[in-house]
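Here are some short exercises to work through with the structure open beside you. Try each task yourself before reading the solution.

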Amino acid sequence: MTRTPIWKSITTQLEADMSAGHYGTGDKLPTEAELSSRFGVNRHTVRRALADMAERGIVRSRRGAGVFVEAPPTDYPIGRRVRFHQNIAATGRLPSRKTLRIENRGCDPVEAQALDIPVGDPVLIYEGLTLAGPAPIGLFISVYPLARLPKMAEALEQTTSVTEAFRLNGLQDYTRRDTRMSAELANPTQALHLRLREGDPVLKTVGINVDPNGHPLEFGTVWFAADRVTLTVAHD
């Protein structure tokens with residue numbers, strides 16, 4: 001069995017401390033000497049752990065001042081009304097999306113079943129990154145049935161908000177019908193986009209959003225960086 005490197009164990013524990021609220025945004029971490037004493041390692045090992053966290057945007061080193069927390073994991077509620085922009089804004093961070101791909105094609109059998117449409121029906125594929133401030137927290141792929149949302153491509157060129165894009169298609173409300181959550185290990189592409197190491201944990205959600213009549217509007221998959229997001233189930 002492969003042993004976990006000591007420096008990686010240190011990052012895991014420090015990130016757990018941040019998740020528990022022991023260190024908040026802007027707080028200074030203990031010095032290298034203090035961390036070396038706490039974990040029973042030399043300073044080189046501590047520096048390796050802190051460098052990894054800095055590379056992933058979790059902490060930032062200020063010359064002569066120390067190492068400071070950039071941002072703790074983002075609480076992200078999953079309920080009947082999942083709204084990305086609202087969820088991130090509620091944490092005091094700036095929500096944004098970066099588009100990686102928008103394309104039309106025929107749906108495959110899995111997408112057809114999820115959206116309750118015939119195999120091969122036209123769908124819009126929307127792939128991108130969700131960000132909280134400057135940090136990417138999720139890689140998403142959403143599939144929309146064009147028969148129900150014929151102007152979705154044009155709407156997403158005007159706005160990165162899916163809620164607003166739905167409104168531009170004449171839909172004023174929608175809800176989450178179901179969500180499945182699982183844990184996976186980041187593949188090379190996910191690691192690149194999310195600024196992770198290959199093999200780091202990611203939280204995968206697969207959800208279906210529906211209109212007020214229960215017709216599926218969106219079949220979405222999101223891979224969240226596990227060290228930057230805390231998924232909470234909201235009973236609404």
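**Exercise 1.** Is Phe140 buried or exposed?

*Solution.* Keep in mind that this is a predicted model.
- Step 1: Look up the relative accessible area of Phe140, which is 4%.
- Step 2: Compare with the cut-off: buried means under 20% relative accessible area.
- Step 3: Phe140 is therefore buried.

**Exercise 2.** Find how many aromatic pairs the whole structure has, and classify the pair formed by Tyr126 and Phe140.

*Solution.*
- Step 1: Searching the whole structure gives 3 aromatic pairs.
- Step 2: For Tyr126 and Phe140, the ring centres are 5.0 Å apart and the planes are at 70°.
- Step 3: Planes over 60 degrees apart count as edge-to-face, so this pair is edge-to-face.
- Step 4: Now place the two residues. Tyr126 belongs to strand E5 (residues 122–132) and Phe140 to strand E6 (residues 135–145), so the pair ties together parts 14 residues apart in sequence.
- Step 5: Check the partner of Phe140: Tyr126 has 0% relative accessibility, so Tyr126 counts as buried.

**Exercise 3.** Describe the pair Phe166 and Tyr174, and name the cluster that includes them.

*Solution.*
- Step 1: The ring centres of Phe166 and Tyr174 are 4.8 Å apart, with the planes at 80°, so this pair is edge-to-face.
- Step 2: Phe166 and Tyr174 are both buried.
- Step 3: Follow the ring pairs, and Tyr144, Phe166 and Tyr174 are linked into a cluster.

**Exercise 4.** Which arginine lies over the face of Trp7, and which over the face of Phe140?

*Solution.*
- Step 1: Over the face of Trp7 you find Arg48, at 4.0 Å from the ring centre.
- Step 2: Over the face of Phe140 you find Arg97, at 5.3 Å from the ring centre.

**Exercise 5.** Work out how helix H2 is oriented relative to H1 and to H3.

*Solution.*
- Step 1: Start with H1 (residues 6–19) and H2 (residues 32–39): their axes come within 12 Å and cross at roughly 105°.
- Step 2: Angles of 65 to 115 degrees count as roughly perpendicular, so H1 and H2 are roughly perpendicular to each other.
- Step 3: See who touches whom. Ile10, Gln13, Leu14 and Asp17 of H1 make the contact with Leu35, Arg38 and Phe39 of H2.
- Step 4: Sort that contact by class: 4 nonpolar, 1 polar and 2 charged residues.
- Step 5: Turn to H2 and H3 (residues 43–55), whose axes come within 9 Å and cross at roughly 105°. H2 is therefore roughly perpendicular to H3.
- Step 6: Here Glu32, Ala33, Leu35 and Ser36 of H2 meet Arg43, Val46, Arg47 and Leu50 of H3. This contact of H2 with H3 has 4 nonpolar, 1 polar and 3 charged residues.

Definitions and conventions. Residues numbered from 1 in each chain as written. Predicted model: local features only at pLDDT ≥ 70, side-chain atom pairs only at ≥ 80, totals over all residues. Heavy atoms only, no water. Axes fitted to C-alpha atoms, helices over the stretch in contact; angles between N-to-C directions. Helix = DSSP H or I, 4+ residues; strand = E, 2+ residues; numbered from the N terminus. Parallel < 35°, antiparallel > 145°, perpendicular 65-115°, else oblique. Contact = heavy atoms within 4.5 Å. Nonpolar A, V, L, I, M, F, W, Y, C, P; charged D, E, K, R; others polar. Phe/Tyr/Trp six-rings, centres within 6.5 Å; stacked < 30°, edge-to-face > 60°. Buried < 20%, exposed > 50% of the residue type's maximum accessible area, 1.4 Å probe, protein only. Lys NZ or Arg CZ within 6 Å of the ring centre and 35° of its normal.
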